[in-house]
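Here are my notes for you to read alongside the structure. Keep it open on your screen and look up each spot as you go.

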Amino acid sequence: CIVTVDAQKQIADIKTSKTVLDDFMDKRFGMFIHFGPVSLRGTEISWSRNKEVPREEYDNLYKEFNPVLFNADAWVKAAKDAGMKYLTITSKHHDGFCLWPTAFSDYNIMNSQFKRDIVGELAKACKKQGVAFCIYFTVLDWHDSDYPVHNPYDSTQNVIGDMSRFEARMKNELKEIITRYKPYMLWFDGNWEKPWVQEYGKDIYRYIKSLDKDVIINNRLGKGENTAFSAGSVGDYLTPEQNVGELNMKDPWESCITICNQWAWKPNDTLKTLKECIQTLVKTAAGNGNLLFNVGPMMDGRMEARQVVRLKEIGNWLAKYGTSIYGTKGGPYIPNKLYATTRKGNRIYLHVFEKNNNKLALPSLPNIKVKKAYFMNGNTVSFTQDNSSGIEINLPDVLPDAVSNVIVLELEKNAEELPIVNN
């Protein structure tokens, strides 16, 4: 697979438009779902194959897989109740099992006991409930005879493979996914292994855009870091994992983070507190990024009740304060332990996490005055402002919200035009 200079120019010419990417970034909050036959064991998806679960046992879990309580509408409702604007399902993870009835692999949902198109049912439920539908797809497949790596833990078990045939099969599977389910975004993964080279990523990107010019594609089709664009990058936005990305006003980005510890369902996995969840979302938006928050459904197809409750609690907070998250820009201050800020129009949304005393000091804003300050949906807040010493916010003895408080600072000018201010 050789990509010429002309082909590289074609890729630049078909990049996802700024209008489409801006719409994606305005959504700010989405649901990630890792699900498959591995839920029968409660171990990590794909990575527990050849480790906690012997390969032969893992590869035959699909014969037992029968998530009879799966309800696409319930999953999408959980996302919508959480205030999430998009949903991303693992159509195929590194173990190679496909959650849709593909014609190009027998290792798919129709050969399980369940025999229902999970991807298709989710696509319909998302459309019905007004949630953007997105699909995760890996560029490695440890189960595929044409992919050279069969065991990432033991290279002696790897094979020669045939990457040309592997890529051709991938294109066929992607064509099925794109034409049947019309995803808003494709979330790729698995690009770190040696068999996958940048030229394959460029070829796949160009192929996808020939099928749907507006589908958004993350940056894991190429090589290089997930957190910064480089010469090896192929894709539209950055993808820091299991941590909040740094403030970046230039490049679109999305942090993927688990609601518990494991991506796939694990019995009694530690659930993040509401405070952790909300402040993770706020710090992500304050850094000008999106949060893709992961849930792993149980073996019977249900999301855990405790996770659904936590998601609803996040949604309740967003019902009050969502204006400070959706459609905002990050900055102008860099998020820290005490506070983070978002902005839109002439407003800065100051998210106060905790306080050391009844005064919160903010660095000076360059040549711009704060006209008034008040808690969102609440009382006026007094403050003083000085060009040299900055802004001092007077906080009440007890903050109105135990998780994250939002103080609106109304400015005399457009807050979105401010440069980043060093804290």
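The points below go through a sheet, some backbone oddities and the empty spaces of this predicted model.

1. Start with the sheet. Five strands make it up, and it is an open one with antiparallel pairing. Going across, you meet the strands in the order β8-β9-β10-β15-β12. At the edges sit β8 (329-330) and β12 (370-375), each of which pairs on one side only. A helix packs on this sheet too: α8, residues 274-286, touches β8, β9 and β10. The direction of α8 makes about 55° with that of β9. As background, strands of a sheet pair through backbone hydrogen bonds, and they can do this parallel or antiparallel.

2. Now zoom in on β9 and β10. Strand β9 covers residues 339-344 and β10 covers residues 347-352; they run antiparallel, with six bridges joining them. You can check the register by eye: tyrosine 339 is opposite valine 352 in β10, and arginine 343 is opposite isoleucine 348 in β10. The two strands form a hairpin with two residues between them, where glycine 345 has a positive phi near 60°.

3. What about the other neighbour of β10? That is β15 (residues 405-411), which runs antiparallel to β10 and is joined to it by six bridges. Here isoleucine 348 turns up again, this time opposite leucine 409 in β15.

4. Is β10 mostly buried or exposed? Five of its six residues are buried, so the rest of the structure largely encloses β10.

5. Next, the backbone oddities. Most residues other than glycine have a negative phi, and most peptide bonds are trans. Glycine 331 and proline 332 are joined by a cis peptide bond, with omega at about 5°. You'll find proline 332 in the loop between β8 and β9.

6. Two asparagines also deserve a look. Asparagine 50, although not a glycine, has a positive phi of about 70°; look for it in the loop between β1 (29-33) and α3 (55-59). Asparagine 268 has a positive phi of about 60°, and it is not a glycine either. Its place is the loop between β6 (254-258) and α8. Asparagine 268 counts as exposed because its relative accessibility is 76%, and the cut-off for exposed is over 50%.

7. On to the closed spaces. How many cavities of 30 Å³ or more does the structure hold? There are three. The largest has a volume of about 60 Å³. Its lining has 13 residues, with Cys260, Gln262, Ala264, Gly296 and Gln307 nearest the centre. By class, that lining splits into six nonpolar, four polar and three charged residues.

8. The second largest cavity has a volume of about 50 Å³. Among the residues lining it are Phe35, Pro37, Ile45, His93 and Leu99. Five of the lining residues are nonpolar, four polar and two charged.

9. Finally, the largest pocket, which holds about 300 Å³ of space. Of the 15 residues that line it, Asp22, Met249, Lys250, Asn288 and Lys329 lie nearest its centre. Which element gives the most to this lining? Helix α2 (residues 18-27) does, with five residues. The pocket lining has nine charged residues, along with four nonpolar and two polar ones.

Notes:
Residues numbered from 1 in each chain as written. Predicted model: local features only at pLDDT ≥ 70, side-chain atom pairs only at ≥ 80, totals over all residues. Heavy atoms only, no water. Pairing = 2+ DSSP bridges. Helix = DSSP H or I, 4+ residues; strand = E, 2+ residues; numbered from the N terminus. Contact = heavy atoms within 4.5 Å. Axes fitted to C-alpha atoms, helices over the stretch in contact; angles between N-to-C directions. 1 Å grid on protein atoms, 1.4 Å probe; cavity = no way out; pocket = protein on both sides within 12 Å on 5 of 7 lines; lining within 4 Å. Points joined across faces, edges and corners; volume = space filled by probe spheres on them. Nonpolar A, V, L, I, M, F, W, Y, C, P; charged D, E, K, R; others polar. Buried < 20%, exposed > 50% of the residue type's maximum accessible area, 1.4 Å probe, protein only.
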